[in-house]
Amino acid sequence: MLTILGEFLLPNGSEVWHGTLVTALSDLGYTVQAARQALARSVSAGWLRTERQGRRARVRLTDEAAAMLRRGAARIYTFGDPWEWDGNWLLVALRVPERRRDVRHRVRTQLAWQGFGSLGGGLWISPHGERERELLGVDRESGAELITFRGELGGLGNLDDVISEAWDLDDVAANYDDFVKTFSRRRPGQADAIFRAHTELVHAWRRFPFLDPDLPPDLLPPRWPQTRALSLFRDRRAEWQATAKFHFLQIEHAAEETVD
């Protein structure tokens with residue numbers, strides 16, 4: 001659902017017919033009932049709001065959801081861009097009252113989304129110092145306390161051990177390999193098949209900012225598969241995007257004439 005909202009609804013004025021999203025989800029393999037349930041959950045979660053127009057309903061992104069999707073798009077579509085490392089690590093000490101497990105889970109998810117790895121004991125690490133600004137306000141919003149530090153690894157400890165503790169790079173590499181195998185073979189022909197392939201492509205790629213810390217090249221294993229996967233993602237997206245978006249617009253035009 002988030003992929004459809006971010007890839008098609010947000011650029012389309014953030015508003016469509018209810019039936020448009022039901023049909024779009026149906027094209028992705030949802031039953032009509034499951035599609036309607038997904039939409040209802042999106043409304044309950046505060047992502048969407050609906051407005052009745054006779055027997056039909058318009059669906060619009062909330063301001064909060066639109067802002068979230070814009071941030072997500074910026075993260076997803078710049079992920080893997082070249083960057084220069086200054087040799088310093090950003091460390092975050094997370095403190096949450098034991099009784100607030102919901103808060104702990106939510107903040108940990110936010111840290112993972114930013115590519116931080118956990119060293120245990122509430123200590124998180126990333127080579128991306130610029131991501132500190134993404135954490136501003138997290139403690140005030142959630143009730144957690146975050147303390148940040150910057151610095152190089154000292155004389156004690158082994159950097160390879162630190163990296164393996166924070167991230168499972170073998171699992172990340174395996175996910176990249178699966179991504180390449182899946183989408184290098186896809187050759188959709190019709191517009192609806194291209195819409196499905198494009199949506200599944202973006203949906204699969206948006207997992208990698210969670211999985212991959214985007215470490216400096218010198219700290220990565222040999223033959224790291226991110227470059228190949230990123231090139232495939234950008235090539236396929238460039239190839240499929242226009243047709244996929246046109247298909248979504250055609251669904252919306254059809255919904256103009258259909259009672260939902």
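These are my notes on the cores and aromatic rings of a predicted model.

Ground rules first: residues count from 1 along each chain as its sequence is written, and side-chain values use heavy atoms, without hydrogens or water. Local features need pLDDT of at least 70 and side-chain atom pairs 80 or more, while totals for chains, interfaces and linings use all residues.

**Core.** I looked up the largest nonpolar core (buried Ala, Val, Leu, Ile, Met, Phe, Trp, Tyr and Cys joined through side-chain atoms within 4.5 Å; buried is under 20% relative accessible area, exposed over 50%, partly exposed in between, with a 1.4 Å probe and protein chains only). It has 32 residues, and Trp-167, Tyr-176, Phe-179, Trp-205 and Leu-215 touch the most other members. Helix α8 (169-184) is one of the elements supplying at least two residues; α8 gives the most, 7. Helices here are DSSP runs, H or I, of at least four residues, numbered from the N terminus.

**Ring pairs.** Which rings did I check? I checked Trp-113 with Phe-210, a tilted pair at 4.9 Å centre to centre and 50° between the planes. For pairing, ring centres of Phe, Tyr and Trp (its six-membered ring) lie within 6.5 Å; planes under 30 degrees apart are stacked, over 60 edge-to-face, the rest tilted. Trp-113 sits in α5 and Phe-210 in α10, so the pair ties together parts 97 residues apart in sequence. Trp-113 is buried at 19%, but Phe-210 is partly exposed at 39%.

Next, Trp-205 and Phe-233: their centres are 4.8 Å apart and their planes at 10°, so they are stacked. Trp-205 is buried at 0%, and Phe-233 is buried at 3%.
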